[in-house]
Amino acid sequence: MNAQNGHHNMLRINADRLLADLDRLRCFGAQSTGVVRPAFSDADMQARYWLREQFEQAGLRSLIDGLGNVLGFSRNPGKAILMGSHADSQSTGGWLDGAMGVIYALEVARCLSESAAHRHLAVDIVAFQDEESRFVGCLGSRSLTGSLDHPTVQNAVDKDGVRLVDALNHAGLSGTPREQLDLGRYLGFLEAHIEQGPTLEAHAMRIGVVTDIVGVRGLKVVFKGQQNHAGTTMMAWRRDASTSLYEFAYRINQCFAAHAAPRSVWTMGRVKLIPNASSIIPGYAELDLQFRDADEAQLERFASLAHEVRDLMTQSSGVDIEIVEARAPIKPSRMSEALYQHLEQSAQEHVPDAWMHLPSGAFHDAGIMAAFMPSAMLFIPSIKGISHDFAEDSHRDDLVLGCQVMASAVASMFGRQ
Ligand code: HGY
Ligand code: MN
Ligand code: MN
């Protein structure tokens, strides 16, 4: 074992402080055992003000930028590692999704600065905004990497019709400048996250080293028929938007299943019927169709299949069916082996053979960052694989172990780079 290895093995996180900060962040928007902390909500902004204060107290130059990203910049010279995740949650989310990676980054930055052998290392940390796609998926990381255009910001609305520009105004951010990262400053980006799936737990593994992240496409399918009386309108005369929606959904499930690749998934998690009354034939309906895969060509294949189903149905149903892009697409991404080898090494040192490589079925800001710098992700197990639900949780000892593995890996990244 060389001197460098000896050094970062001495590096110890403060487990009590880590868990206390995770429990404190959980309080912002706490509901039952989960959180309601959507991007730019009051709870989200309160959490960001608290994070900015923690970043400052950790010795970093910290700020909240014009899109709500919280940044902490090291005052140390030289190439840096950027670490973090998102602080916003799903509309009804779990307490660890995103939050864990932000607090890991804070704890790693602190424990490096408290170690004589490591306090010269430059580690920047970030709490991204709106990874969960209230307005634009991975809004914050897209903006920080200069990959978010002005019209996207101006035109973004959430599912309730709230405009992003109005949410920014409400949050008091309208006049605040947006940061853009100096991408050349960084050796790479590191994100820790809960797995949000069952794989690590099923294999009795404690650490996951992510190899790749799926890509995501979202389509909004709009059905326009004729609103009418549910009793007096004979079936042959109906142009029922809801019947078309249900038939479209059925055909998609059949057709996607017949053309799916091993990692293909799809969800139709949001529908809207107008006027949504049981004695009225809906004249208007909307269906959100989201699909994911590790292969861009498979995503394209699903998109064209959805249009084929639409074309087929339009000829027979008498209902107009239109398909529009519902979200900014996220491309599949590969994690950097040169970077994640340090996660492998650190995991092997801390929990020999109790770690594994795995792909991510969830998308993450690391998927955006990977287009701009070497990126890597560390997973810890999710209890029963549950996420995007108040029941989302992880074991406290796994939370501590994950952060320790990350801290040692960061030290080694500087040593090796
Ligand atoms: O949906 C996702 O994959 C992420 O958790 N926002
Ligand atoms: Mn999520
Ligand atoms: Mn997440």
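In this predicted model, a nitrogen atom of ligand 1 sits 2.7 Å from an N or O atom in the side chain of Glu132. Glu131 takes part as well, with a polar side-chain atom 3.2 Å from a nitrogen atom of ligand 1. An oxygen atom of the ligand, in turn, is 2.6 Å from a polar side-chain atom of Arg292. On its own, ligand 1 has 210 Å² of accessible area, and the protein covers 94% of it.

The full set of residues around ligand 1 comprises Asp97, Glu131, Glu132, Gln196, Arg292, Ala362, Phe363 and His388. Sorted by class, this shell contains four charged residues, two polar ones and two nonpolar ones.

Asp97 leads from the ligand to the metals. This residue belongs to the shell of ligand 1, and it also coordinates both the manganese ion (ligand 3) and the manganese ion (ligand 2), which are 3.5 Å apart. For the manganese ion (ligand 3), the protein donors are NE2 of His86, OD of Asp97 and NE2 of His193, at 2.1 to 2.3 Å from the ion. Along the chain, these donor residues follow the spacing H-x10-D-x95-H. Asp97 is found in the loop between β5 (80–86) and α4 (99–113), while His193 is in strand β7 (residues 186–194); the pair therefore ties together parts of the protein that are 96 residues apart in sequence. Both Asp97 and His193 are buried.

How values were computed. Residues numbered from 1 in each chain as written. Chains lettered and ligands numbered in written order. Predicted model: local features only at pLDDT ≥ 70, side-chain atom pairs only at ≥ 80, totals over all residues. Heavy atoms only, no water. Donors = N, O, S within 2.8 Å, 3.2 Å for Na, K, Ca; no water. Helix = DSSP H or I, 4+ residues; strand = E, 2+ residues; numbered from the N terminus. Buried < 20%, exposed > 50% of the residue type's maximum accessible area, 1.4 Å probe, protein only. Near = heavy atom within 4 Å. Polar contact = N/O pair within 3.5 Å; in protein donor to acceptor, adjacent residues only side chain to side chain. Areas by Shrake-Rupley, 256 points an atom, 1.4 Å probe, with all protein chains shown as cover. Nonpolar A, V, L, I, M, F, W, Y, C, P; charged D, E, K, R; others polar.
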